[in-house]
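I am opening this notebook to keep track of what I look up, entry by entry, as I read through the model for the first time.

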Amino acid sequence: MSPDRRANAARHHLLSVLVENKAGVLARVAGLFSRRGYNIFSLAVAPTDDARFSRISIVVDVESSPLEQVVAQLDKLINVVEIGELHPDEAREAELLLVSVSADAGQRSQVIQLVGVFEGRIVDVGHDALTVMVAGTPDTLDDFEKLMVPYGIAGLQRSGRIALPKLVGRTSAGGRAELAVGIA
Amino acid sequence: MELTGAQALVKSLEMQEVEVIFGLPGGAILPVYDPIIDSSIRHILVRHEQGAGHMAEGYAQATGRPGVAMVTSGPGATNVVTPLADAYMDSIPFVCVTGQVATSAIGTDAFQECDTTGITLGVTKHNWLVTDAADIPRVVREAFHVATTGRPGPVLIDVPKDVANATMEWYWPDGVDLPGYRPASTADPAAIQAAAELVRGAERPVIYAGGGILKSRASDALREFAELTGIPVVTTLMARGSFPDSHPLCLGMPGMHGNYTAVTSMQQADLLLALGSRFDDRVTGKISAFAPKAKVVHVDIDKAEIGKVRRPEVGIVADCRLAIEALSEAVRAAGPLDRSRIAPWIATLDQWRADYPYTYDRSEPDHGDLVPEGAGRRPTLKPQFVIECLRAATPPDTILASGVGQHQMWASQHWGFEYPNTWINSGGLGTMGFAVPAAIGAKVGRPDRMVWAVDGDGCFQMTAQELVTASAERIPVKIAILNNAYLGMVRQWQHMFYEERYSEVYLSPDLPDYVGWAESMGCVGLRVESPEEVTPAIEKANDIDDRPVVIDFRTDSMEQVFPMVSAGASNDEIIVHPSQRHLRAEATR
């Protein structure tokens with residue numbers, strides 16, 4: 001993790017927002033952030049196992065006190081059903097990274113070795129470049145990204161963090177994890 | 001029963017017991033205007049869509065029922081953005097129906113197309129783009145539910161032309177299914193208990209009553225609680241009338257132009273009971289210096305208001321009326337209250353009230369800047385005097401609307417409100433031009449009441465054309481223009497903070513000719529230039545009940561609104577009327 005990423009991490013909060021799966025909901029959520037002056041660091045959205053709902057995972061860049069306000073404002077959106085803040089030590093986080101990295105014949109084996117260490121996959125091969133997919137925790141991906149920099153990164157895309165609460169110690173009677181609702 | 005989407009829309013509005021729609025047709029909304037001919041709902045044809053929106057707001061504020069406006073796509077929709085934003089800021093239940101281009105044309109930059117739901121996203125509580133005629137009854141039901149429950153607010157239903165023309169099988173939904181919408185109602189008993197203990201222990205308590213009192217119909221509950229505890233009440237600009245100004249416990253309006261006692265009572269309080277108020281910057285002044293010694297109990301139906309500006313000791317997310325009733329009950333249950341604890345505080349407040357009433361210079365020589373050379377001198381007409389005369393000459397339950405600016409502050413200061421829902425103004429957004437259409441909407445909703453608007457000459461020029469609507473529809477509102485020939489509040493700020501460098505604020509007292517303009521719009525026009533003409537003109541206006549009346553009061557252009565807390569200053573730095581400054585100087589010595 002680069003120094004400024006670590007510095008920012010304290011201000012980063014992961015919100016897991018269950019929304020109705022309706023047209024325009026993402027615009028309502030994203031619009032609220034910009035209107036109230038909050039920065040979205042990353043955002044991932046997809047339908048849940050119940051097709052009526054989608055889950056949006058938002059990493060928001062705020063101090064902890066205005067976070068309470070953004071959660072309360074989000075909660076006012078009619079299509080927002082449930083909001084939880086997931087603390088890193090109470091959640092399983094994952095992120096996906098795709099990176100195209102320069103690797104000529106002399107460097108290719110080094111890159112492939114690193115991909116192996118990080119349990120990634122080579123998804124595309126060119127004459128002097130490779131495209132690699134790595135899944136893992138955001139920290140792991142930060143480390144991998146940093147290791148790729150010296151080879152020369154031609155393109156990089158991260159999915160943004162997604163997360164669910166840890167099961168151990170937090171399970172409800174039904175066996176499903178319950179979200180800690182963000183504010184009192 | 002098979003209906004078109006348009007018929008289903010009108011029928012849905014009938015099911016919601018809508019009695020009036022303020023609107024103006026156009027291309028995309030044309031299909032909906034056809035079944036309106038056969039509907040029991042009254043339609044009032046406005047002259048500008050902004051007028052429709054403010055009329056719906058005035059109607060809602062006067063009646064407590066949602067106001068409804070209907071306009072076409074594109075410019076029709078953008079013209080109601082201001083009323084939507086206004087209603088959003090002041091939590092007014094307002095349902096707006098907009099036409100939209102056909103679904104096949106959406107996104108093609110079609111004629112009169114705009115992204116109405118996108119544009120209004122930030123100024124509505126929620127909005128809907130209907131893409132299937134079968135959804136119309138459900139969406140209308142949801143829209144009225146959202147607009148009128150919880151913290152009320154504006155909603156918008158955007159109906160594409162092909163959806164209005166399509167057919168559907170009529171149904172009326174049993175209820176609404178909105179899994180993400182759960183408005184608060186009753187208060188947490190533990191929080192009520194904690195608040196009651198603070199009330200019983202306080203020595204310098206103040207009730208800071210906001211617009212939520214009116215929204216939750218909590219006036220009676222508030223009065224009972226205040227009388228039970230003996231705690232004095234300040235009523236914000238949005239809460240004027242929620243607690244009678246004549247009540248011995250009423251301290252009047254706090255804030256930037258509030259009276260000294262209301263402002264200073266909050267500064268010195270040891271307990272602030274914020275009931276349906278939101279710590280608006282116009283009330284708090286510099287927030288870090290606001291009510292520094294006070295513990296805060298904050299009751300609001302909107303959870304996001306609790307702690308948004310000021311972190312309370314006790315936060316209660318609940319309907320204001322239910323919370324106040326529970327609080328009264330909890331205070332009563334804990335045994336007799338020791339009133340002597342707050343007696344010194346009440347004595348202090350009484351002294352301030354005696355020392356610092358609202359005041360103005362009753363008769364100054366004419367400054368002459370509006371009187372042409374050689375035209376002779378006459379006593380200056382003070383705007384506050386006009387309002388006092390108006391108050392004296394009208395029934396106690398008269399509904400008063402106002403625009404935004406000096407006249408609004410004078411009206412709020414000098415009117416003397418006795419009843420809820422008798423004061424209709426634009427508090428949060430500060431929308432100039434609000435008064436005329438809002439007064440019309442109020443009169444439509446309450447034809448039994450006398451409705452006056454106090455307006456500024458600047459404001460009047462923004463929406464005066466709606467008096468044509470009022471004349472055509474026989475809506476006898478009465479408009480008092482306090483014509484000081486200036487954008488007066490801006491002038492006052494330039495006077496105080498820009499070294500009297502007056503930039504672009506002069507409007508002229510007689511361009512336009514307000515009397516001629518009023519008459520051309522089918523109103524009776526009157527002009528008043530001196531104090532002795534004021535009451536006779538008002539009485540003449542009161543006797544006219546078949547058309548609107550406009551009185552052009554030529555008031556002193558130099559008059560300023562006092563007291564005043566400068567923007568960003570602490571409320572402790574309140575600037576009182578010049579005649580009271582020696583008292584302030586003695587007090588702070």
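**Entry 1: confidence**

Over which residues of chain B does the pLDDT stay under 50? I looked this up before anything else, keeping in mind that the model is predicted, and found that the stretch is residues 365-369 of chain B, for which the model has six contacts beyond four places in sequence. Chain B as a whole averages a pLDDT of 96, and 97% of its residues score at least 70.

For chain A, I noted an average pLDDT of 85, with 85% of the residues scoring at least 70. The pLDDT is below 50 over residues 171-184 of chain A, a stretch that has 22 contacts in the model beyond near neighbours in sequence. I remind myself that where pLDDT is low, the predicted coordinates should not be read in detail. For the complex, I copied down the predictor's ipTM of 0.88 and pTM of 0.93.

**Entry 2: chain A**

I went through the elements of chain A and listed five helices and nine strands, which from the N terminus on run α-β-α-β-β-α-β-β-α-β-β-α-β-β. Of the 184 residues of chain A, 29% count as buried. I also checked the contacts in chain A with a separation of 6 or more, and 72% of them are accounted for by residues 24 or more positions apart.

I then picked out strand 2 (residues 39-47) and strand 3 (residues 53-61) of chain A, which pair in the antiparallel sense over eight bridges. These two strands of chain A form a hairpin with five residues between them, and within the pairing A:Ile40 of chain A stands opposite A:Val60 in strand 3.

**Entry 3: where the chains meet**

Looking at the contacts between the chains, I found 13 residues of chain B in contact with 16 residues of chain A. On the side of chain B that touches chain A, the residues divide into six nonpolar, five polar and two charged.

**Entry 4: a sheet in chain B**

I traced an open sheet of six strands in chain B, with the order 3-2-4-5-7-6 and parallel pairing. Its edge strands are strand 3 (42-45) and strand 6 (126-129) of chain B, each of which pairs on one side only. Neighbouring strands of this sheet are turned by 20 degrees against each other on average, direction ignored.

At one edge, strand 6 of chain B pairs with strand 7 (residues 154-160) of chain B in the parallel sense over four bridges, and the bridge partner of B:Leu129 in strand 7 is B:Asp158. Helix 3 (residues 49-63) of chain B packs on the sheet, where it touches strand 2 (20-23), strand 3, strand 4 (67-71) and strand 5 (94-100) of chain B, and its direction makes about 165 degrees with that of strand 4.

**Entry 5: another sheet in chain B**

I found a further open sheet in chain B, of six strands in the order 11-10-9-12-13-14, with parallel pairing. Strand 11 (250-252) and strand 14 (314-317) of chain B stand at the edges with a single partner strand each, so one side of each is left without a neighbour in the sheet. On average, neighbouring strands of this sheet are turned by 20 degrees against each other, direction ignored.

Strand 13 (residues 295-300) of chain B is joined to strand 14 by four bridges, and the two run parallel; B:His298 has B:Gly315 in strand 14 as its bridge partner. Helix 9 (residues 189-201) of chain B packs on the sheet and touches strand 9 (205-209), strand 12 (271-275), strand 13 and strand 14 of chain B, its direction making about 135 degrees with that of strand 14.

**Entry 6: cores and buried parts**

The largest nonpolar core has 208 residues, and those with the most contacts inside it are B:Leu272, B:Leu275, B:Ile316, B:Ala323 and B:Ala480. I followed B:Ile316 and found that, not counting residues up to four places away in sequence, its contacts include B:Ala191, B:Ile192, B:Val297 and B:Ala323. Apart from the largest core lies another, of eleven residues, among them A:Leu97, A:Val115, A:Leu130 and A:Val134.

Last, I checked helix 18 (residues 435-445) of chain B: eleven of its eleven residues are buried, so this helix is largely enclosed by the rest of the structure. B:Lys443 is one of these buried residues.

Definitions and conventions
Residues are numbered from 1 along each chain as its sequence is written. Chains are lettered from A and ligands numbered from 1 in the order in which they are written. This is a predicted model: local features need pLDDT of at least 70, side-chain atom pairs count only at pLDDT 80 or more; totals for chains, interfaces and linings use all residues. Two strands pair if DSSP finds at least two bridges between them. Axes are lines fitted to C-alpha atoms, for helices over the stretch in contact, and angles run from 0 to 180 degrees between N-to-C directions. Two residues are in contact if their C-beta atoms, placed from the backbone, lie within 7 Å. A residue is buried if 20 or more other C-beta atoms lie within 10 Å of its own, exposed if 12 or fewer, and partly exposed in between; C-beta atoms are placed from the backbone. pLDDT is the predictor's confidence in each residue, from 0 to 100. Ala, Val, Leu, Ile, Met, Phe, Trp, Tyr, Cys and Pro count as nonpolar, Asp, Glu, Lys and Arg as charged, and the others, Gly among them, as polar. A nonpolar core is a set of buried Ala, Val, Leu, Ile, Met, Phe, Trp, Tyr and Cys residues joined through C-beta atoms within 7 Å.
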